[in-house]
Amino acid sequence: MTREELEAARDRVVPDVVAGGLRVLFCGINPSLLSAATGHHFARPGNRFWPVLHLAGFTPRRLAPAEQEELLTYRLGITNVVARATARADELSAEELVEGGRILRAKVERLRPQWLAVAGVTAYRTAFGERRAAIGPQEQTIGSTRIWALPNPSGLNAHWTAETMAREYARLRAAAESAPEAEPDA
């Protein structure tokens, strides 16, 4: 993909991969330019989301970004805190993250996944006003949806390896598998 094609994708939105009844709704910070250009979440080759998801046991094999819709068969989904694509997450303002958090809360209230897994603790802190949040399960909930802050799978987050990330993602998977199923809507 050319630099011009990537730049043309700036500020585009990548559609969510969501449905009701999800076990886990994964939430990135915002789409990369490559994700916006391809329409696939976590599309950058250096992004470790797809391999980590498999290593953690969420998927039976490593999915490619173009197979993102298959996540729904495992009751998993993907959204973002901020919908618009940028070259780097640090191009987002704190105000955008806070507004994205408000929109995300409304989405979670509508979809009611068992868990919201935010892949990026710094973005989570800003979007949800939880300045002391750490990686792991959070005390805050959105209705009956529990929240887990995960390490950002970006290749720029070098102090987390795929293996250490997979262990944290596997902790979430174990919690999601042990949680009682939500009651269906009447």
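User: Which residue follows helix α5 in this predicted model, and what is the sign of its phi?

Analyst: This is a predicted model, and in it helix α5 covers residues 121–128. The residue that follows α5 is a glycine with a phi near 65°. The residue asked for is G129, and the sign of its phi is positive.

User: Which residues of α5 are buried, and how are they arranged around the helix?

Analyst: The buried residues of α5 are V121, A123, Y124, A127 and F128. Looking down the axis of α5, these buried residues fall within an arc of 155°. They therefore line one face of the helix.

User: What covers those buried residues of α5?

Analyst: The buried residues in question are V121, A123, Y124, A127 and F128. Their cover includes a helix, α4 (94–111), and the strand β3 (115–119). Also included are two further strands, β4 (136–142) and β5 (145–150).

User: D11 is not a glycine, so what is its phi, and where does the residue sit?

Analyst: D11 lies in the loop between α1 (3–8) and β1 (24–28). Its relative accessible area of 42% makes D11 partly exposed. Although D11 is not a glycine, its phi is positive, about 75°.

User: What is the phi of R75, a residue other than glycine, and in which loop is R75 found?

Analyst: R75 is placed in the loop between α3 (49–55) and β2 (76–80). With a relative accessible area of 29%, R75 is partly exposed. Its phi is positive, near 60°.

User: How many of the residues of β2 are buried, and which lie on each side?

Analyst: In a regular strand the side chains alternate between the two faces of the sheet. On one side of β2 are L76, I78 and N80, and on the other are G77 and T79. Both faces are covered, and the count of buried residues in β2 is five of five.

User: How do β1 and β2 run relative to each other, parallel or antiparallel, and what is the bridge partner of G28?

Analyst: Five bridges join β1 to β2. The two strands run parallel. In β2, the bridge partner of G28 is N80.

User: Which element gives the most residues to the largest nonpolar core?

Analyst: The largest nonpolar core has 26 residues, and V24, F26, F58, Y169 and L172 touch the most other members. At least two residues of this core come from each of β1, α3, β2, β3, β5 and α6 (162–178). The element that gives the most, with eight residues, is α6.

User: Leaving aside neighbours within four places in sequence, what is V24 in contact with?

Analyst: V24 is among the residues that touch the most other members of the largest nonpolar core. With neighbours within four places in sequence left aside, V24 is in contact with F58, R75, L76 and G77, as well as W115, A117, L172 and A176.

User: How many residues make up the second, separate core?

Analyst: Nonpolar side chains tend to be buried together in soluble globular proteins. The second core includes V82, L111, A123 and A127. Of these, A123 and A127 are also among the buried residues of α5. This separate core has 22 residues.

User: Which residue meets E91 in a salt bridge that links distant parts of the chain?

Analyst: E91 is in the loop between β2 and α4, and its partner, 81 residues apart from it, is in the loop between α1 and β1. E91 is partly exposed at 33% relative accessible area, and the partner is partly exposed at 26%. The two side chains meet at 2.6 Å, N to O. A network of salt bridges links both of them with E7, and the partner of E91 is R10.

User: R102 and E99 both lie in α4, so how many residues apart are they, and what is the N to O distance of their salt bridge?

Analyst: R102 and E99 are both partly exposed, with relative accessible areas of 47% and 35%. Within helix α4 they are three residues apart, about one turn of the helix. Their side chains meet in a salt bridge with an N to O distance of 2.5 Å.

User: With which residue does R61 form a salt bridge?

Analyst: R61 is partly exposed, with a relative accessible area of 35%. Its partner also counts as partly exposed, at 23% relative accessibility. The closest N and O atoms are 3.1 Å apart, and the partner is E70.

How values were computed:
Residues are numbered from 1 along each chain as its sequence is written. This is a predicted model: local features need pLDDT of at least 70, side-chain atom pairs count only at pLDDT 80 or more; totals for chains, interfaces and linings use all residues. Side-chain values use heavy atoms; hydrogens and water are left out. Buried means under 20% relative accessible area, exposed over 50%, partly exposed in between (1.4 Å probe, protein chains only). Helices (H or I, at least four residues) and strands (E, at least two) are DSSP runs, numbered from the N terminus. The arc is that of the directions from the helix axis to the C-beta atoms. Contact means heavy atoms within 4.5 Å. Two strands pair if DSSP finds at least two bridges between them. A nonpolar core is a set of buried Ala, Val, Leu, Ile, Met, Phe, Trp, Tyr and Cys residues joined through side-chain atoms within 4.5 Å. A salt bridge is a side-chain nitrogen of Lys or Arg within 4 Å of a carboxyl oxygen of Asp or Glu.
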